[in-house]
Amino acid sequence: MNPIDWITGGAATGMFVLSLGAVAISHGAHRARTDGLEADVKGLDERVQALEALKISVEGLTRGIEHLGERLVDSQKLSGSELARLADQLAAGQRLMDARFDAMKELSARELDEVKHGVRNIRQTLERDPRVMA
C-alpha cells in the first residue's frame, strides 16, 4: 500500500469518527432540550393542580362566608346598615379572590404558551436539519 492510500484512509477514518461525534453531540443536545421541556411541562402541570386546589379552597371559603352571612341575618342582630356593610365586605373579598385566581391562571397560560413556542422551535429546527434526526 502506498503512502497516499494510507493518508486517504486515515483522513476517511478521521472524518468518520468526527461525523459520529457530531451525531452524538446533536443527539445529546436534543435529549437535553427534550428533558428541559418535559420538566417545564411537569412544572406547569403542578401549577395547574395548585390553581385547582386554590379554586376549591376559594369556593369553600365563599360558601362559608355566605353561610355566616345567612346565619347573621337569621339572628336578626344586624341593622340594615351593618348588613349592607357586610355585603360590601363579602363582595370586596370575592373580587379580591377572583382577581388573584385570574392572575395566577393568566400566568400559567402564558408559561404554557412559552413552552409550546419552544417545542415548535425545536420541531422546526429538527425538520430543517435532517442530520439532527439521524
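This section describes the fold, the buried residues and selected side-chain contacts of a predicted protein model.

The protein averages a pLDDT of 77, and 88% of the residues score at least 70. Confidence varies between the elements: helix H2 has the highest mean pLDDT, at 79, whereas helix H3, residues 130–133, has the lowest, at 54. Where pLDDT is low, the predicted coordinates should not be read in detail.

The secondary structure consists of 3 helices and 0 strands, and the order of the elements from the N terminus is α-α-α. Helix H1 covers residues 3–74 and helix H2 covers residues 80–128. Helix H2 has 49 residues. From its first C-alpha to its last, H2 reaches 71 Å, close to the 72 Å expected at 1.5 Å a residue. Of the contacts in the protein with a separation of 6 or more, 79% are accounted for by residues 24 or more positions apart.

Burial was examined next. Of the 134 residues in the protein, 11% are buried. The protein exposes about 10400 Å², of which 63% is supplied by carbon and sulfur atoms. In helix H2, the buried residues are Leu86, Met97, Phe101, Ser108, Val115, Ile122 and Leu126. An α-helix has 3.6 residues a turn, so residues three or four places apart point the same way.

The largest nonpolar core is made up of 5 residues, namely Leu37, Leu44, Val115, Ile122 and Leu126. Helices H1 and H2 each supply at least two residues of this core, and H2 gives the most, with 3 residues. In soluble globular proteins, nonpolar side chains tend to be buried together. Within the core, Val115 is in contact with Leu37 and Leu44, and the contacts of Val115 also include Asp40 and Val41, with neighbours within four places in sequence left aside.

A further set of contacts involves Phe101, which is found in helix H2. Phe101 has a relative accessible area of 19%, and it is classed as buried because this value falls under the 20% limit. When neighbours within four places in sequence are left aside, the contacts of Phe101 are with Leu51, Leu54 and Lys55. The C-alpha atoms of Phe101 and Leu51 lie 7.4 Å apart in space, although the two residues are 50 residues apart in sequence.

Polar interactions were considered at Thr62, which has its place in helix H1. Thr62 is likewise buried, with a relative accessible area of 17%. A polar atom of the Thr62 side chain lies 2.8 Å from the backbone oxygen of Val58. The side chain of Thr62 also makes a polar contact with the side chain of Gln94, at 2.8 Å. With neighbours within four places in sequence left aside, Thr62 is in contact with Gln94 and Met97. Met97 is itself one of the buried residues of helix H2.

Conventions:
Residues are numbered from 1 along each chain as its sequence is written. This is a predicted model: local features need pLDDT of at least 70, side-chain atom pairs count only at pLDDT 80 or more; totals for chains, interfaces and linings use all residues. Side-chain values use heavy atoms; hydrogens and water are left out. A nonpolar core is a set of buried Ala, Val, Leu, Ile, Met, Phe, Trp, Tyr and Cys residues joined through side-chain atoms within 4.5 Å. Buried means under 20% relative accessible area, exposed over 50%, partly exposed in between (1.4 Å probe, protein chains only). Helices (H or I, at least four residues) and strands (E, at least two) are DSSP runs, numbered from the N terminus. Contact means heavy atoms within 4.5 Å. pLDDT is the predictor's confidence in each residue, from 0 to 100. Accessible areas come from the Shrake-Rupley method with a 1.4 Å probe; for residues, only the protein chains shown count as cover. A polar contact is a pair of N or O atoms within 3.5 Å; within protein, one must be able to donate a hydrogen and the other to accept it, and residues adjacent in sequence count only if both atoms are side-chain atoms. The expected span of a helix is 1.5 Å times one less than its number of residues.
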